[in-house]
Amino acid sequence: MKIIHVITKLELGGAQQNTLWTCKNLDINKFDTTLVCGKGGILDKDAQTNVSKIIFSKYLVREISPFKDMMAFFELFFIFKKEKPDIIHTHSSKAGIIARIAAFLAGVKKIIHSYHGFGFNNSQPALIRYFYILLEKISAIYTDAFIFVSNDNIKTAMKYKIGNPERYNLIRSGINLSKFSKEKDFSFLENLGITKNNSKIISTVANLKPQKNPHDFIKIAEQIIKKGIDAYFIYAGGGKNINYFRKLVNEMGIATRCIFVDWVSEPFKVYRASDIFLLTSLWEGLPRSLIEAICSGVVPVCYKTDGVNDIIIDGVNGFMVEQKDIAKASSIIEKLITDNEFYEKIKNNVLKTNLNEFDIDNMVKKQEILYTTLMEEHA
């Protein structure tokens with residue numbers, strides 16, 4: 001069975017890592033896998049090394065570009081005509097819209113799209129948001145199966161009547177659970193010049209996109225640090241604006257306690273050194289970093305966003321805070337830092353959280369079953 005995966009760009013994110021893992025780990029006796037993506041992502045070398053066949057698109061880019069988007073459509077159409085795949089499996093909003101329509105017109109037998117979150121959200125102007133929703137509704141006409149990583153994403157799709165609910169499939173965004181350990185290791189801090197002692201470490205692992213909302217991470221850090229509480233806030237994840245954020249925390253006088261490190265290839269090292277995980281995202285599909293943190297025994301404090309309540313029971317194994325409620329998030333973190341009995345109670349529940357459904361190999365197996373089922377329908 002010939003499968004082509006299409007994603008806009010191989011940045012360092014959950015959707016990209018999951019797509020690569022799928023391409024690398026599909027049963028080679030049953031599936032012939034090709035990856036198509038735009039060039040210039042941080043994971044390009046990983047893909048070239050580990051994926052059997054990769055085609056770099058000249059025109060797939062993250063930004064809206066009428067000329068490049070039209071050229072990407074024709075480029076993908078001719079790739080599909082030449083390769084003659086049985087299934088096209090698209091990921092990310094831009095590639096998902098362009099590639100699904102191109103695949104339909106190219107006569108591809110079955111078309112699947114994975115929602116790792118939506119390209120529209122409430123922080124966008126209404127006109128732009130509903131334009132993206134319209135594009136998703138149009139693309140859904142040409143889609144034989146939809147994969148969602150969270151129940152919240154399914155509810156959103158149903159709310160806006162995107163596609164046929166009978167074609168919805170819940171397949172969790174997987175992680176390699178074996179890589180994450182609950183044992184503490186502070187070598188990551190030592191490399192930053194931080195001596196742990198009794199200090200509490202609050203961290204996140206995320207790129208510096210507006211989606212991840214690093215400004216609120218900083219504001220929450222400022223609330224804690226300026227009270228003289230012994231805590232360090234570590235934001236692990238790069239991006240073109242990293243120097244802007246480093247300058248910002250320096251101007252605020254919190255740079256020694258709120259530290260922005262660049263891309264981290266081994267995020268488990270961050271979690272092993274952390275006590276509290278802070279997620280300030282404005283939208284998500286399913287935050288893999290949250291799963292990784294809980295798997296490492298780190299207590300999470302998260303903005304309420306898609307996928308979070310699939311994992312956290314508020315006040316039991318973590319906390320959910322309304323978006324932008326900086327005062328509430330700061331208050332919870334302060335209590336976790338200053339009330340050790342309270343912290344240990346929540347941490348014990350974190351350690352008991354069952355994450356088996358998020359195993360990355362389970363994710364691949366479920367996709368294989370979906371591919372096989374779709375082709376049996378076609379036969």
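## Helix α11, charge pairs and ring pairs in a predicted model

Helix α11 is followed by glycine 297, whose phi is positive, near 75°. Helices and strands here are DSSP runs, numbered from the N terminus (helices: H or I, at least four residues; strands: E, at least two). The model is predicted, so local features need pLDDT of at least 70 and side-chain atom pairs count only at pLDDT 80 or more, while totals for chains, interfaces and linings use all residues. Residues are numbered from 1 along each chain as its sequence is written, and side-chain values use heavy atoms, with hydrogens and water left out.

**Helix α11 and two buried residues**

Eight of the eight residues of helix α11 (residues 288–295) are buried, so the helix is largely enclosed by the rest of the structure. Buried means under 20% relative accessible area, exposed means over 50%, and partly exposed lies in between (1.4 Å probe, protein chains only). The buried residues of α11 are Arg288, Ser289, Leu290, Ile291, Glu292, Ala293, Ile294 and Cys295. Their cover includes α1, β8 (200–205), α10, β11 (276–279), β12 (299–303) and α13 (340–352).

Aspartate 310 is found in the loop between β12 and β13 (319–321) and counts as buried at 18% relative accessibility. Leaving aside its neighbours within four places in sequence, aspartate 310 is in contact (heavy atoms within 4.5 Å) with Ser150, Asn151, Asp152, Arg172 and Leu286.

Threonine 8, in strand β1, is buried with a relative accessible area of 5%. Beyond its neighbours within four places in sequence, threonine 8 has contacts that include Cys37, Gly38, Leu60, Val61, Arg62, His91 and Ser92. Threonine 8 and asparagine 340 are 332 residues apart in sequence and 45 Å apart in space, C-alpha to C-alpha.

**Salt bridges**

The structure holds 23 salt bridges. The criterion is a side-chain nitrogen of Lys or Arg within 4 Å of a carboxyl oxygen of Asp or Glu. Three of these pairs are listed below.

| Pair | Closest N to O | Separation in sequence |
|---|---|---|
| Glutamate 83 and lysine 2 | 3.1 Å | 81 residues |
| Glutamate 11 and arginine 62 | 3.3 Å | 51 residues |
| Lysine 53 and glutamate 83 | 2.9 Å | 30 residues |

Glutamate 83 meets lysine 2 in a salt bridge, and this pair links distant parts of the chain: glutamate 83 is in helix α3 and lysine 2 in strand β1 (residues 2–9). Glutamate 83 also meets lysine 53, which is placed in the loop between α2 (44–50) and β3. Glutamate 83 is buried, with a relative accessible area of 10%, whereas lysine 53 is partly exposed at 33%.

Glutamate 11 forms a salt bridge with arginine 62. This pair joins the loop between β1 and α1 (14–25), which holds glutamate 11, to the loop between β3 (54–57) and α3, which holds arginine 62. Glutamate 11 is buried at 18% relative accessible area; arginine 62 counts as partly exposed at 43%. Elsewhere, Lys110, Asp144, Arg167 and Glu377 are linked in a network of salt bridges.

**Aromatic rings**

Rings of Phe, Tyr and Trp (its six-membered ring) pair if their centres lie within 6.5 Å; planes under 30 degrees apart count as stacked, over 60 as edge-to-face and the rest as tilted. By this rule the count comes to 22 aromatic pairs. The rings of phenylalanine 180 and phenylalanine 268 have their centres 6.4 Å apart and their planes at 85°, so this pair is edge-to-face. The pair links distant parts of the chain, 88 residues apart: phenylalanine 180 is in the loop between β7 (168–170) and α7 (187–191), and phenylalanine 268 is in helix α10 (residues 268–272). Phenylalanine 180 is buried with a relative accessible area of 10%, and phenylalanine 268 counts as buried at 14%.

Ring pairs also link Tyr115, Phe118, Phe120, Tyr130, Phe146, Phe148, Tyr160 and Tyr168 into a cluster.

A charge sits over a ring if NZ of Lys or CZ of Arg is within 6 Å of the ring centre and within 35 degrees of the ring normal. The charged end of lysine 39 sits over the ring of phenylalanine 56, 4.1 Å from its centre. Lysine 335 lies over the face of phenylalanine 342, at 4.8 Å from the ring centre.

**A surface patch**

Met70, Phe74 and Phe78 form a nonpolar patch on the surface, with about 330 Å² of accessible area together. Patches are made of residues with over 30% relative accessible area and no salt bridge, where like charges are joined within 9 Å and nonpolar side chains (Val, Leu, Ile, Met, Phe, Trp, Tyr) within 5 Å. Accessible areas come from the Shrake-Rupley method with a 1.4 Å probe; for residues, only the protein chains shown count as cover. Phenylalanine 78 lies in helix α3 (residues 66–83) and is exposed, with a relative accessible area of 54%.
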